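The exercises below are meant to be worked with the sequence and the coordinates at hand. Try each task before reading the solution that follows.

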Amino acid sequence: MKRNSFKKPLILFIIALAICASVFLPLPYYIEKPGSTIDLKELITVNDKKDQEDGSFSLTSVGVQQASVVTALKAQISPFEDLVSEEELLGGASDEEYDQMQNYYMESSQNTAIQQALKLADRPYDFEYKGVYVMNVMKNSSFKGEVAVGDTVTKVDGKSFENNQDFMDYVQQKSVGDTVKVTYEHDDDTKEASGKLIKLPSNQKAGIGITLVDHTDITTEDEVDFDVDNIGGPSAGLMFTLEIYEQLTEQNLRQNKNIAGTGTIDNKGKIGRIGGIDKKVASADEAGAQIFFAPNDTLTKKEKKENPDVKSNYQEAQTAADELDTDMKIVPVKTLQDAIDYLEPL
């Protein structure tokens, strides 16, 4: 009798322990899901004045949380949640390196957004391209062990560049195995390293073997302040630009409407593709946005051949909107001017 009296509580304890483990014990996986939609009036101040107009320009985000057994199972049946491995999320970087990369992306995005808004508003500014931040160094790169995450590459073969596209174009017109000399800044010291170019897995062209983002600086008479703690990445570039431009010109472009969106922006005003746009559409819809700007990126023949089901960001966003059965209008944009041209008739 005594043995049976102990057996039942023990079984109940083991069951309770298993339930707790399934709820609280973290797995080496993460869940990507709809994040926050944030009114940029709360984050951006221009010339010490807050945006007081009705309506909003809002950034959208993807939420990330570490998975447990329960949340991982839930993600399998939730339409706007994805279970991803640590490698897929971090790309082999440590947590510290990943956070640093997101901060660099955000810094570059802010500077380019300010530059594009000032340019559109015909305001004076000085935009300096300092080189490229090193975000990651591939294991088979000849520069592994010399160039490190956080360094700024300023020259290749003594040649400076005006943006990272020119940087990549110069390197990729060379051949795999060619030797190049890289000049870079490390802890405020200028250093040089030579190495051979490798074949990049992304496009099979020659490359140094680093992930990069522009290192820029901008000087202007207009003061633009950001309050973006705990927000990283480059995908708010378009919406940052629209909010800054709205405050600079006081045009009330949005006409009291709640407008959300996403997309990177470069120094020529081109809007770039981002990840997780379906989740951002879901977040914007939940927040009551009436209009959503989506990058209308052009897919290459090679991309379509390698993945016949691939869609542009705009197509992905429209599919998500259809699934949500939302009244929110999805607007495709290739450039900043596309967004302005859509807003002006409002």
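**Exercise 1.** Locate Gln 52 among the secondary structure elements, classify its exposure, and relate its place to that of Gln 247.

*Solution.* In this predicted model, Gln 52 sits in the loop that joins S2 and S3. Its relative accessible area is 67%, and since exposed means over 50%, Gln 52 is classed as exposed. The C-alpha atoms of Gln 52 and Gln 247 are 9.4 Å apart in space, although 195 residues separate the two in sequence.

**Exercise 2.** For Lys 50, determine the exposure class, list the contacts beyond its sequence neighbours, and find which backbone oxygen lies 3.3 Å from a polar atom of its side chain.

*Solution.* Begin with the position: Lys 50 belongs to the loop between strand S2 (44-46) and strand S3 (56-66), the loop in which Gln 52 is also placed. With a relative accessible area of 42%, Lys 50 is partly exposed, because this class covers values between the 20% limit for buried and the 50% limit for exposed. Next, setting aside neighbours within four places in sequence, one finds Lys 50 in contact with Lys 41, Glu 42, Thr 45 and Gln 247. For Lys 41 there is a further detail, in that its backbone oxygen is 3.3 Å from a polar atom of the Lys 50 side chain. Asp 217, by comparison, is 167 residues from Lys 50 in sequence, and the C-alpha atoms of the two are 24 Å apart.

**Exercise 3.** Test whether the end-to-end distance of helix H4 agrees with the expected span, and then describe the surroundings of Thr 112.

*Solution.* Helix H4 runs over residues 95-120 and has 26 residues, so at 1.5 Å a residue it should span 38 Å. The C-alpha atoms at its ends are 37 Å apart, which agrees with that expectation. Just after H4, Asp 122 adopts a positive phi of about 60 degrees. Within the helix one meets Thr 112, which counts as buried because its relative accessibility is 5%, and buried means under 20%. Apart from neighbours within four places in sequence, the contacts of Thr 112 are Phe 127, Ile 265, Asp 266 and Asn 267.

**Exercise 4.** Decide whether helix H7 is largely enclosed or open, and identify the polar partner of the Ser 283 side chain.

*Solution.* Count the buried residues first: 7 of the 10 residues of helix H7 (residues 277-286) are buried, so the helix is largely enclosed by the rest of the structure. Those buried residues are Ile 277, Lys 279, Lys 280, Val 281, Ala 282, Ser 283 and Ala 284, a list in which two lysines appear. Now take Ser 283, a residue of H7 that counts as buried at 7% relative accessibility. Beyond its neighbours within four places in sequence, Ser 283 is in contact with Pro 34, Gly 35, Ser 36 and Thr 37. With Thr 37 the contact is a polar one between side chains, at 2.6 Å. After H7 comes Gly 288, whose phi is positive and near 90 degrees.

**Exercise 5.** Examine Asp 188 and Asn 256 for the sign of phi, and state where each lies and how exposed each is.

*Solution.* Most residues other than glycine have a negative phi. Asp 188 has a positive phi, near 70 degrees, and lies in the loop between strand S7 (179-186) and strand S8 (189-196), where it counts as exposed at 77% relative accessibility. Asn 256 also has a positive phi, near 65 degrees, and is placed in the loop between helix H6 (237-249) and strand S13 (258-261). At 43% relative accessibility, Asn 256 counts as partly exposed.

**Exercise 6.** Summarise the whole protein by its secondary structure, its dimensions, its burial and its charges.

*Solution.* The secondary structure amounts to 10 helices and 17 strands, and the C-alpha atoms fill a box of roughly 85 × 55 × 45 Å along the principal axes. Of the 346 residues, 43% are buried. Among contacts between residues at least 6 apart in sequence, 73% join residues at least 24 apart. The exposed area is about 18700 Å², of which carbon and sulfur atoms supply 48%. Finally, there are 36 positive and 59 negative side chains, and the centres of the two sets lie 9 Å apart.

Definitions and conventions. Residues are numbered from 1 along each chain as its sequence is written. This is a predicted model: local features need pLDDT of at least 70, side-chain atom pairs count only at pLDDT 80 or more; totals for chains, interfaces and linings use all residues. Side-chain values use heavy atoms; hydrogens and water are left out. Helices (H or I, at least four residues) and strands (E, at least two) are DSSP runs, numbered from the N terminus. The expected span of a helix is 1.5 Å times one less than its number of residues. Buried means under 20% relative accessible area, exposed over 50%, partly exposed in between (1.4 Å probe, protein chains only). Contact means heavy atoms within 4.5 Å. A polar contact is a pair of N or O atoms within 3.5 Å; within protein, one must be able to donate a hydrogen and the other to accept it, and residues adjacent in sequence count only if both atoms are side-chain atoms. Accessible areas come from the Shrake-Rupley method with a 1.4 Å probe; for residues, only the protein chains shown count as cover. Lys and Arg count as positive and Asp and Glu as negative; His and the chain ends are not counted. The place of a charge is taken as NZ of Lys, CZ of Arg, CG of Asp or CD of Glu.
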